[in-house]
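Here are my notes on this model, as numbered points. Please read them with the structure open.

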Amino acid sequence: MERVLVIGIEPFDGDEVNPSWQVAQALAGERIAGAEVVVRQLACVLGLSNQQLIAAIEELRPKAVICLGLAGGRGEISVERVAINLIDARIPDNAGKQPIDIPVVEGGPVGYFSTLPVKAIVHHLHQAGIPAAVSHTAGTYNCNQLFYGLSHHIASQNLAIKGGFIHIPYSHQLAVNHPGKPSLALTTMIEAVRSIVHTTLTVDEDLSLSGGALH
């Protein structure tokens, strides 16, 4: 049985829950497109989370890795396209560290593109009536660090797996504590990630659709 690894992240910045982990947990054990969904929760601790991710990949040998993270303030599913070799933490992580202007991997490339079919993913989410878009910035905090670390591991080890990062908005539960911020229902985000897994496993060549941004 092939596996797909879906990653969620622990709560951070004072929140009691992180919907990225709630979504991942909801999919644990499902079989999608012939693969079993295996989930792992990672720390919101810069450096440690990348070590945990690589250890999970080496243990499970998945066909694909889909990392989920929270982007409070965004109103749609953000399918990240580019990881950059930079940590510039706006807030301390859960270990109290706040590194500024350091590389994720010393001497690594400036950036990596996702190996997920990002435009096909967005297209299929739109067909399902779920708001989604290609994103060209995963930030400079733990999520981008994981995205870059995943991409670097795949490239440097010549792994034949797909990998990328998906940012999700606040759940309605979290939005109660963040007035004025957009949110999506947890059930909608679970449906979205289920679709993302299916598209990742069944689409080998991405669609040629506009997914650019003016700003």
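1. Where does G34 lie? This is a predicted model, and in it G34 sits in the loop that links β2 (31-32) to β3 (35-42). Outside its neighbours within four places in sequence, G34 is in contact with M1 and E2. T202 is 168 residues away from G34 along the chain, yet their C-alpha atoms are separated by 9.8 Å.

2. The overall fold. The protein chain contains six helices and 11 strands. Its radius of gyration is 16 Å, close to the 17 Å that the globule rule gives for 215 residues, so the chain is as compact as a globular protein of that length. The C-alpha trace spans about 45 × 40 × 40 Å along its principal axes.

3. Contacts and burial. Take the contacts between residues at least 6 apart in sequence: 79% of them join residues at least 24 apart. Of the 215 residues, 50% count as buried.

4. Surface and charge. About 9700 Å² of the protein chain is exposed, and carbon and sulfur atoms supply 51% of that area. The chain carries 13 positive and 19 negative charges. The mean positions of these two sets are 4 Å apart.

5. The sheet. Seven strands form an open sheet with mixed pairing, in the order β2-β3-β1-β4-β9-β5-β8. β2 and β8 stand at the edges with a single partner strand each, so one side of each has no neighbour in the sheet.

6. The β1 and β3 pair. Strand β1 (residues 2-9) runs parallel to β3, and eight bridges join them. Within this pair, R3 stands opposite E36 in β3.

7. Strand β5 and its partners. Which strand pairs with β5 in the parallel sense? That partner is β8 (residues 132-135), over four bridges. Here E80 faces S135 in β8. β9 (residues 162-168) is also joined to β5, but antiparallel and by two bridges. V79 has I166 as its bridge partner in β9.

8. Side chains of β5. In a regular strand the side chains alternate between the two faces of the sheet. Strand β5 (residues 77-80) shows I77 and V79 pointing one way, with S78 and E80 pointing the other way. Are these four residues buried or exposed? All are buried, E80 included. I would look at E80 when checking this strand: E80 is buried, and its counterpart across the pairing with β8 is S135.

How values were computed. Residues numbered from 1 in each chain as written. Predicted model: local features only at pLDDT ≥ 70, side-chain atom pairs only at ≥ 80, totals over all residues. Heavy atoms only, no water. Rg over C-alpha atoms; globule rule 2.2 N^0.38 Å. Buried < 20%, exposed > 50% of the residue type's maximum accessible area, 1.4 Å probe, protein only. Contact = heavy atoms within 4.5 Å. Areas by Shrake-Rupley, 256 points an atom, 1.4 Å probe, with all protein chains shown as cover. Lys, Arg positive; Asp, Glu negative; His and termini not counted. Charge placed at Lys NZ, Arg CZ, Asp CG, Glu CD. Pairing = 2+ DSSP bridges.
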